[in-house]
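Visitor: Could you walk me through this one? I'd like the reasoning behind the labels, please.
Guide: Sure, have a look at it and ask away.

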Amino acid sequence: MPPELQNSYTRLLRPLLFRLDPETAHRLTIAALSLMPLKRPASDPPELATTVFGVRFANPVGLAAGLDKDARAIRAWNALGFGFAELGTVTPRPQPGNTQPRMWRLPAHRALINRLGFPGEGMEAVAARLSRLPKDRPAMRVALNFGPNKDTPPERVAEDYAALTRRLAHFADMIVVNLSSPNTPGLREWQAPERMRAIVDAVRAAMPSTVPAESRAITPSNPPRPPILVKIAPDLNSSQINEVCAAAVDLAIDGIVATNTTLMREEIGVSARFAGGLSGAPLLVRSREVVAQVYRETSGRMPIIGVGGIASADDAYGHLCAGASLVEFYTGMIYRGPGLAREIKRGLVRLLARDGFRSISEAVGSAARK
Ligand SMILES: Cc1cc2nc3c(=O)[nH]c(=O)nc-3n(C[C@H](O)[C@H](O)[C@H](O)COP(=O)(O)O)c2cc1C
């Protein structure tokens, strides 16, 4: 990021936004971004290009789920230089989410706590918005993140994921099955292998047999169907992570997103007592551990999207070297501003050159091979 842009965010805009309550600041930012007629900047350096689960990315830096739940600002994410944006969590029906207050900043920790509970407009509104996107397609890839409605009874949760897949798969370059938000009661229990199988089977059965590239509303990608990834929690213990890995390999899932927010507090040096999922800097070490374990446990064969606490090029590079093929952030953008994707890309080019890697894929998992 040009230093002046970084400075103007942290010195001018951030203090203004931080005077507002977090949700108002978020709403205003998304509204402003969705109105901006933005163009993507110069193309990315070739060493940042990477192909993961058959999908080609101009760079490995993505927007994490939750920031743009209703797919309002796709063109802005593209213009900010992201290689991909994960939109959602989308639920089948609109829902208000939990009662407010439900989001807190912890500036001393560069962290957030939220218990939003998937507020959103539902899949029809998201489909309408995606179908209205102009045909000059952004270079960026689009992941759609799916979750069940809060009032869906357990025996119908798989049907929610199936309905989302039927309605939205043809807009997606990849689908993320979210089984790990802490704010929808019971959701994390679906990470248990047999229950995960039920969800993945339902998603597969609902997937159109082929999704022709020309009908993709956003970005035609190479595979006939969007790959399916599962997003997991950082609060699984070591044997649970191994079970998830075994199930993922057994089910031939295309990738794992690690990790969602955490319920940990004292263990990661935070004393705040608000209930909800914690994100940002205190999560960095734990999310990297989970990435490294998944990489090891699947012998580097299961593509991983690493997320949790990334707020600099060094952070992103650390996750890549631990085994992530792609990285994402949310909270880092709140503290560092809209130029963070660009700053990370520039730093990655420098770090690859320093370590003698010619491409991102050469760096992926390099820490595990040492
Ligand atoms: C306010 C907020 C809302 C979020 N909403 C979602 C969501 O709807 N679905 C999801 O899978 N993850 C959601 N996340 C989790 C992020 O995608 C990410 O996994 C987590 O915050 C760790 O990354 P970070 O430290 O870069 O924020 C949310 C995070 C925050 C802070």
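Visitor: Why is Ser312 called buried?
Guide: This is a predicted model, to begin with. Ser312 has 17% relative accessibility, and buried means under 20%, so Ser312 counts as buried. Ser312 sits in the loop between strand E12 (304-307) and helix H9 (313-322).

Visitor: What makes the Ser312 side chain a polar contact partner of the backbone nitrogen of Asp315?
Guide: A polar atom of the Ser312 side chain is 3.1 Å from that nitrogen, and the cut-off is within 3.5 Å. The backbone nitrogen of Asp314 also has a polar atom of the Ser312 side chain, at 3.4 Å.

Visitor: On to the ligand. Which residues come nearest to the ligand?
Guide: Ala65, Lys69, Thr89, Gly309 and Thr331, out of 26 residues around the ligand. Strand E4 (84-90), strand E6 (111-114) and strand E11 (277-280) each give the shell at least two residues. By class, the shell has 10 nonpolar, 14 polar and two charged residues.

Visitor: How do you know that Gly309 has a polar contact with the ligand?
Guide: A backbone N or O atom of Gly309 lies 2.7 Å from an oxygen atom of the ligand, against a cut-off of 3.5 Å. Tyr330 also uses a backbone N or O atom, 3.0 Å from a ligand oxygen. With Asn178 the N or O atom belongs to the side chain, and the distance to a ligand oxygen is 3.1 Å.

Visitor: And how much of the ligand does the protein bury?
Guide: The protein buries 99% of the 610 Å² that the ligand exposes when taken alone.

Visitor: What makes the Glu266 and Arg273 pair a salt bridge?
Guide: Their side chains meet at 3.4 Å, N to O, and the rule asks for a nitrogen of Lys or Arg within 4 Å of a carboxyl oxygen of Asp or Glu. Glu266, with a relative accessible area of 48%, is partly exposed, while Arg273 at 69% is exposed. The structure holds 16 salt bridges.

Visitor: Why are Glu289 and Arg286 said to be separated by about one helical turn?
Guide: Because Glu289 and Arg286 are three residues apart in helix H8 (residues 284-297). They form a salt bridge, with the closest N and O atoms 2.8 Å apart. Arg286 has a relative accessible area of 16%, so Arg286 is buried; Glu289 is at 43% and is partly exposed.

Visitor: Why is Arg358 called exposed, and Glu362 partly exposed?
Guide: Exposed means over 50%, and Arg358 has a relative accessible area of 67%. Glu362 comes in at 24%, which falls between the 20% for buried and the 50% for exposed. Glu362 and Arg358 form a salt bridge too, with their closest N and O atoms 2.7 Å apart. Elsewhere, Arg72, Glu121 and Arg129 are joined into one network by salt bridges that share partners.

Visitor: What makes the phi of Ala71 worth a remark?
Guide: Phi of Ala71 is near 55°, a positive value in a residue other than glycine. Most residues other than glycine have a negative phi. Ala71 is in the loop between E3 and helix H3 (74-79), and at 4% relative accessibility Ala71 counts as buried. Ser299, in the loop between H8 and E12, also has a positive phi, near 50°.

Visitor: Which peptide bond leading into Thr89 is cis?
Guide: The bond from Gly88 to Thr89, with omega near 10°. Thr89 belongs to strand E4. The bond from Gln100 to Pro101 is cis as well, with omega near 0°, and Pro101 is in the loop between E4 and strand E5 (103-106). Most peptide bonds are trans.

Visitor: How do you know that Leu13 can belong to a surface patch?
Guide: Patch residues need over 30% relative accessible area, and Leu13, partly exposed, has 43%. Leu13, in helix H1 (residues 3-19), makes a nonpolar patch of about 300 Å² with Leu12 and Leu16.

Visitor: Last one: why is Gly62 called buried?
Guide: Gly62 has a relative accessible area of 0%, and under 20% is the limit. Gly62 lies in strand E3 (residues 61-63).

Note on methods
Residues numbered from 1 in each chain as written. Predicted model: local features only at pLDDT ≥ 70, side-chain atom pairs only at ≥ 80, totals over all residues. Heavy atoms only, no water. Patch = residues over 30% accessible without salt bridge, like charges linked within 9 Å, V, L, I, M, F, W, Y side chains within 5 Å. Areas by Shrake-Rupley, 256 points an atom, 1.4 Å probe, with all protein chains shown as cover. Helix = DSSP H or I, 4+ residues; strand = E, 2+ residues; numbered from the N terminus. Buried < 20%, exposed > 50% of the residue type's maximum accessible area, 1.4 Å probe, protein only. Near = heavy atom within 4 Å. Polar contact = N/O pair within 3.5 Å; in protein donor to acceptor, adjacent residues only side chain to side chain. Nonpolar A, V, L, I, M, F, W, Y, C, P; charged D, E, K, R; others polar.
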